[in-house]
Amino acid sequence: MLVLGPVLSRTLICFDYILSYNNAKDFKTMRIIVIGLNEQGLQRQSTAGLDCVALTRAIHEIPVNNYDAALICNDNDNKYAAARFALTNKKHVLLEAPIWGTSQAQLAELEHLAATNNVVLYVAYNFRFVADFVNLQQALNRKQLGEIQHCRIGYAANAENKQNGALIDLSPHLLDLLNFWFGSDIMHMNLNILHKDNYGRQIIFADFNSRFTLEIEANFLSRTNVITVEIYGTRNNLHLRYEYTDEARNRISELEYEHFQALCQKVVNRDCSVDKWIFAEIERLGHEQVLLA
């Protein structure tokens with residue numbers, strides 16, 4: 001629940017960063033393939049609906065003339081190869097986050113391939129499509145909280161979803177949200193680990209020396225998937241709790257798919273600087289985590 005008096009309207013959902021379009025019916029039909037027979041792949045297939053012409057484990061199984069875009073949801077170690085194949089063959093790509101297993105150089109290569117072949121490369125961090133998070137971004141842009149003094153954000157997830165640990169699986173989503181809210185300033189913060197457990201279940205990192213202080217926690221200690229946010233400003237404070245239910249996931253997945261379609265219609269070549277920064281921060285914190293073992 002969002003708590004901020006009249007500042008944020010729960011009914012105001014205005015995606016300023018999304019391209020203008022009338023509605024999904026105006027889109028030319030895109031033939032979609034989904035790579036990955038996992039939960040994410042099945043979710044993407046359901047969202048694409050009749051646009052989806054194939055769900056497969058390996059992109060090479062589908063003739064390149066049979067599709068216009070690939071939604072890549074396979075294991076981290078195999079995402080780069082699938083994305084490179086699609087982009088090389090001039091197909092739009094939605095690359096499921098996080099992109100761990102893809103090096104900085106490989107990500108730069110994918111970005112170059114997309115620009116060269118005039119197709120879209122989109123890294124999917126879909127919490128940007130949560131209505132409360134969008135409204136928060138707009139409130140921050142309008143300085144409705146005043147000067148920010150402190151921000152605390154946490155992602156508590158169900159342990160059954162743990163694969164690569166809290167740092168790799170959960171923290172990238174929080175870094176993307178912070179960039180969405182605060183812009184490039186967040187990239188200059190000096191984040192350091194305050195606490196970790198020895199099983200990859202919990203990681204806490206922070207910066208207490210920048211213009212405003214920041215605390216980030218990701219853990220697999222919860223029975224439900226919840227993101228909590230506290231932001232303290234000179235004029236107002238904000239407390240937000242978002243529960244990532246199946247219903248909520250379906251809704252933001254639909255909004256993100258519409259956004260991806262809009263990007264593909266206009267062939268907007270995205271700058272991957274935020275994705276590179278997220279990768280670099282997680283890699284650096286991972287090294288720090290090992291040193292603290």
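About 60 Å³ of space lies in the largest cavity of this predicted model. By the rule applied here, the count comes to 1 cavity of 30 Å³ or more. The residues that line the largest cavity are Pro98, Ile99, Trp100, Tyr125, Ile168, Pro172, Asp275, Ile278, Phe279 and Ile282. Sorted by class, this lining has 9 nonpolar residues, no polar residues and 1 charged residue. The largest share of the lining, 4 residues, is supplied by helix 8, which covers residues 273-291.

One of the lining residues, Pro172, leads on to helix 6, since Pro172 is also among the buried residues of that helix. Helix 6 runs over residues 171-182, and its 12 residues reach 16 Å from the first C-alpha to the last, close to the 16 Å expected at 1.5 Å a residue. This helix is mostly covered, with 12 of its 12 residues buried. The buried set includes hydrophobic-looking names such as Leu174, Leu175, Leu177 and Leu178, and also Ser171, His173, Asp176 and Asn179. Towards the end of the helix, Phe180, Trp181 and Phe182 are buried too. Helix 6 is followed by Gly183, whose phi is positive, near 75 degrees.

Helix 3 offers another view of how a helix can sit in the model. At 1.5 Å a residue, the 13 residues of helix 3 (residues 104-116) should span 18 Å, and the end C-alpha atoms are indeed 18 Å apart, so the expected and computed spans agree. Its buried residues are Leu107, Leu110, Glu111, Leu113 and Ala114. Seen down the axis of helix 3, these buried residues fall within an arc of 160 degrees, and they therefore line one face of the helix. The spacing has a simple background: an α-helix has 3.6 residues a turn, so residues three or four places apart point the same way. On the other side of helix 3, Ala105, His112 and Thr116 are exposed. After helix 3 comes Asn118, with a positive phi near 55 degrees.

Positive phi values also turn up in loops. Lys90 has a phi near 60 degrees, a positive value in a residue other than glycine. The loop that holds Lys90 lies between helix 2 (76-88) and strand 5 (92-96). Lys90 has a relative accessible area of 56% and is therefore exposed. For Lys143, phi is likewise positive and near 60 degrees, again in a residue other than glycine. Lys143 is found in the loop between helix 4 (131-141) and strand 7 (148-158).

The cysteines can be described briefly. The structure holds 0 disulfides. Cys73 is in no disulfide, and the nearest cysteine sulfur, that of Cys52, is 9.8 Å away. Cys73 is buried, because its relative accessible area is 0%. Cys151 also counts as buried, at 0% relative accessibility.

Finally, strand 3 (residues 52-56) contains Ala54. With a relative accessibility of 15%, Ala54 counts as buried. Ala54 and Ile35 are 19 residues apart in sequence, while their C-alpha atoms are 8.5 Å apart in space.

Key
Residues are numbered from 1 along each chain as its sequence is written. This is a predicted model: local features need pLDDT of at least 70, side-chain atom pairs count only at pLDDT 80 or more; totals for chains, interfaces and linings use all residues. Side-chain values use heavy atoms; hydrogens and water are left out. Helices (H or I, at least four residues) and strands (E, at least two) are DSSP runs, numbered from the N terminus. The expected span of a helix is 1.5 Å times one less than its number of residues. Buried means under 20% relative accessible area, exposed over 50%, partly exposed in between (1.4 Å probe, protein chains only). The arc is that of the directions from the helix axis to the C-beta atoms. On a 1 Å grid over the protein atoms alone, a cavity is a set of points where a 1.4 Å probe fits but cannot get out, and a pocket is an open set with protein on both sides within 12 Å along at least five of seven lines; lining residues have an atom within 4 Å of a point. Grid points are joined across faces, edges and corners, and a volume is the space filled by probe spheres set on the points. Ala, Val, Leu, Ile, Met, Phe, Trp, Tyr, Cys and Pro count as nonpolar, Asp, Glu, Lys and Arg as charged, and the others, Gly among them, as polar. A disulfide is a pair of cysteine sulfur atoms within 2.5 Å.
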